[in-house]
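Student: Please choose one part of this structure and look at it closely with me, and then place it in the chain as a whole. I am new to this structure, so take your time.

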Amino acid sequence: ILLYKELGYSLDNITLILNSSTFNKLKSLYEQVSLLENKKDHIESVLTLVLETIDNIERGETMSDMQKFDAFKKQTLQENLEKFGEELNLKYDAKFIEEANQQYLKKSKYEMKQQEELTKKLNAIIIKAMEDGNPTSSIAMEMCNLHKEWICFYWPSYNKHHHLSLVEMYTLDERFTKYYDKIHVGAAQFLYKAMKHYINK
């Protein structure tokens, strides 16, 4: 129990793991080794950046825009790992997570700006589709397609089952539900209903 707790699993998930006859503990631990090594590399990278920043300040220099941008991406990635790391570990394998992280870190300012615009477009069409009220309508399918485009910005490859699993998690995890409720109350549930039709279509 202490081992899984140290690895970041919640007590509820630890209970499920210990009582499950199908859970592959060895495979899970191998994946955790990979994730911990990636986390160690990330921490070392952030530490290097902090030390460089200290050195720049002590010498009276300032960080370049590129350094600030890289620092922002690394900080965002670390915050996401701390918030959602457990859920990601349970749903996706370590290789997929690492490839997604590396893809994000390589994004340019232009690409990040384009993603911001896509996010606004996605949020607007979620509202429009919910006002229509039909999760199988053409506007709802357009919403799902935009959501696919949105997640492909972060994912190294597209998998429809991963996509549906992710959207389902929006309805089960209150942190995601609250995010989508800010766009439109009930948006997470509506998106999940629409996505099931989109994936099976």
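Tutor: A residue is called buried under 20% relative accessible area, exposed over 50% and partly exposed in between (1.4 Å probe, protein chains only). By that rule Glu-52, at 37% relative accessibility, counts as partly exposed, and its place is in helix α3, residues 25–58 (helices are DSSP runs of H or I, at least four residues long, and strands runs of E, at least two, numbered from the N terminus). This is a predicted model, in which local features need pLDDT of at least 70 and side-chain atom pairs count only at pLDDT 80 or more, while totals for chains, interfaces and linings use all residues. Residues are numbered from 1 along each chain as its sequence is written, and side-chain values use heavy atoms, with hydrogens and water left out.

Before the close look, here is the setting. The protein has 10 helices and 0 strands, and its C-alpha trace spans about 60 × 45 × 25 Å along the principal axes. Of its 201 residues, 38% are buried. Among contacts (heavy atoms within 4.5 Å) between residues at least 6 apart in sequence, 65% join residues at least 24 apart.

The part I have chosen is the largest pocket, which holds about 1,100 Å³ of space. Here a pocket is an open set of points on a 1 Å grid where a 1.4 Å probe fits, with protein on both sides within 12 Å along at least five of seven lines, and lining residues have an atom within 4 Å of a point; points are joined across faces, edges and corners, and the volume is the space filled by probe spheres set on them. The lining has 30 residues, and those closest to the pocket's centre are Asn-80, Phe-84, Trp-150, Tyr-154 and Phe-176. Six helices each supply at least two residues of the lining: α4 (65–91), α5 (94–105), α6 (109–132), α7 (138–152), α8 (160–172) and α9 (174–183). The largest share, 8 residues, comes from α4. By class, the lining has 22 nonpolar residues (Ala, Val, Leu, Ile, Met, Phe, Trp, Tyr, Cys and Pro), 3 charged ones (Asp, Glu, Lys and Arg) and 5 polar ones, meaning the others, Gly among them.

Two of those central residues also appear in the surroundings of Ala-100, which lies in helix α5. Ala-100 is buried, because its relative accessible area is 13%, and, leaving aside residues up to four places away in sequence, Ala-100 touches Tyr-154 and Pro-156. Between Ala-100 and Asn-80, 20 residues apart along the chain, the C-alpha atoms are separated by 12 Å.

Helix α6, another contributor to the lining, has Met-112, Gln-115, Leu-118, Thr-119, Leu-122, Ile-125, Ile-126, Ala-129 and Met-130 as its buried residues. Four of these, Leu-122, Ile-125, Ile-126 and Ala-129, are touched by Met-143, as are Phe-190, Leu-191 and Ala-194, again without residues up to four places away in sequence. After α6 comes Gly-133, whose phi is positive, near 85°.

To return to helix α3, Lys-39 is found there as well, and at 39% relative accessibility Lys-39 counts as partly exposed. The C-alpha atoms of Lys-39 and Ala-188 are 30 Å apart in space, with their places 149 residues apart in sequence, whereas Glu-52 and Gln-102, 50 residues apart in sequence, have C-alpha atoms 21 Å apart.
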